Amino acid sequence: MRIIRGDLIQLALAGKFDVIVHGSNCMHTMSAGIARQVRNHFPEAFDADLATRRGDKSKLGAFSSAVVTRGAVSFTVVNAYTQYDWRGTGVKVDYEAVSRVFAAIGAEWRGARIAYPLIGAGLAGGDWDRISSIINDALEGQNHTLVLWDK
């Protein structure tokens with residue numbers, strides 16, 4: 001896992017990545033954190049989320065995606081269903097869902113430049129050491145980058 005500081009949205013728009021991934025819940029509420037930024041900048045990704053069934057627990061470990069084109073730059077935004085709901089306290093990330101979805105992402109976009117924020121470790125309350133180990137295992141040998149928000 002390569003680690004850089006920056007703005008994932010702006011780096012994607014600058015053509016630095018082929019795929020950007022963010023953690024989503026199964027309730028169609030991209031209203032906080034990086035998900036809100038994705039929704040605001042890339043409504044295509046929100047439309048892909050809305051095309052799934054709201055509240056469907058079987059989405060955990062799966063993803064929806066949308067190809068985004070802005071000028072000469074094109075990339076895919078992946079809504080990775082890594083938590084069921086956003087409400088409540090405590091840990092909301094589902095570690096098994098993280099494992100399944102990153103395995104699927106690695107298979108779907110083998111050879112692509114994949115980037116993501118601290119999925120599941122912010123608002124979802126997960127343990128980043130555990131999550132990063134899962135991601136590293138799923139994307140072993142691939143070009144993947146953690147983008148730490150640089151304020």
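This report covers helix H4, the helix pair H2 and H3, and two buried residues, Tyr116 and Val21.

The model is predicted: local features need pLDDT of at least 70, side-chain atom pairs count only at pLDDT 80 or more, and totals for chains, interfaces and linings use all residues. Residues are numbered from 1 along each chain as its sequence is written, and side-chain values use heavy atoms, with hydrogens and water left out.

**Helix H4**

Helices (H or I, at least four residues) and strands (E, at least two) are DSSP runs, numbered from the N terminus. H4 spans residues 95-108. At 1.5 Å a residue, its 14 residues should span 20 Å, and the end C-alpha atoms are 20 Å apart, which agrees. The expected span is 1.5 Å times one less than the number of residues.

Buried means under 20% relative accessible area, exposed over 50%, and partly exposed in between (1.4 Å probe, protein chains only). Tyr95, Ala97, Val98, Val101, Phe102, Ile105 and Gly106 of H4 are buried. They cover an arc of only 160 degrees around the axis, so they lie on the same side of H4. The arc is taken from the directions from the helix axis to the C-beta atoms. The face turned away from that buried side carries exposed Ala107 and Glu108.

The cover over the buried residues includes strands E2 (19-24), E3 (63-70), E4 (73-81) and E5 (114-116), and helix H5 (128-138). At the start of H4, a side-chain oxygen of Asp94 reaches to within 3.0 Å of the backbone nitrogen of Glu96.

**Helices H2 and H3**

H2 (residues 33-41) and H3 (residues 43-50) pack at about 110 degrees, with their axes 5 Å apart. That makes H2 roughly perpendicular to H3 (65 to 115 degrees counts as such). Val38, Arg39, Asn40 and His41 of H2 meet Pro43, Ala45 and Phe46 of H3. Contact means heavy atoms within 4.5 Å.

**Tyr116 and Val21**

| Residue | Strand | Relative accessible area |
|---|---|---|
| Tyr116 | E5 | 0% |
| Val21 | E2 | 1% |

Tyr116 and Val21 are 95 residues apart in sequence and 4.9 Å apart in space, C-alpha to C-alpha. Leaving aside neighbours within four places in sequence, Tyr116 has contacts that include Met1, Leu8, Phe102, Trp128 and Ile135. With the same neighbours left aside, Val21 has contacts that include Leu8, Val78, Phe102, Ile105 and Tyr116. The side chain of Tyr116 also makes a polar contact with the side chain of His144 (2.6 Å). A polar contact is a pair of N or O atoms within 3.5 Å; within protein, one must be able to donate a hydrogen and the other to accept it, and residues adjacent in sequence count only if both atoms are side-chain atoms.

Note on methods. Axes are lines fitted to C-alpha atoms, for helices over the stretch in contact, and angles run from 0 to 180 degrees between N-to-C directions. Angles under 35 degrees count as roughly parallel, over 145 as roughly antiparallel, 65 to 115 as roughly perpendicular and the rest as oblique.
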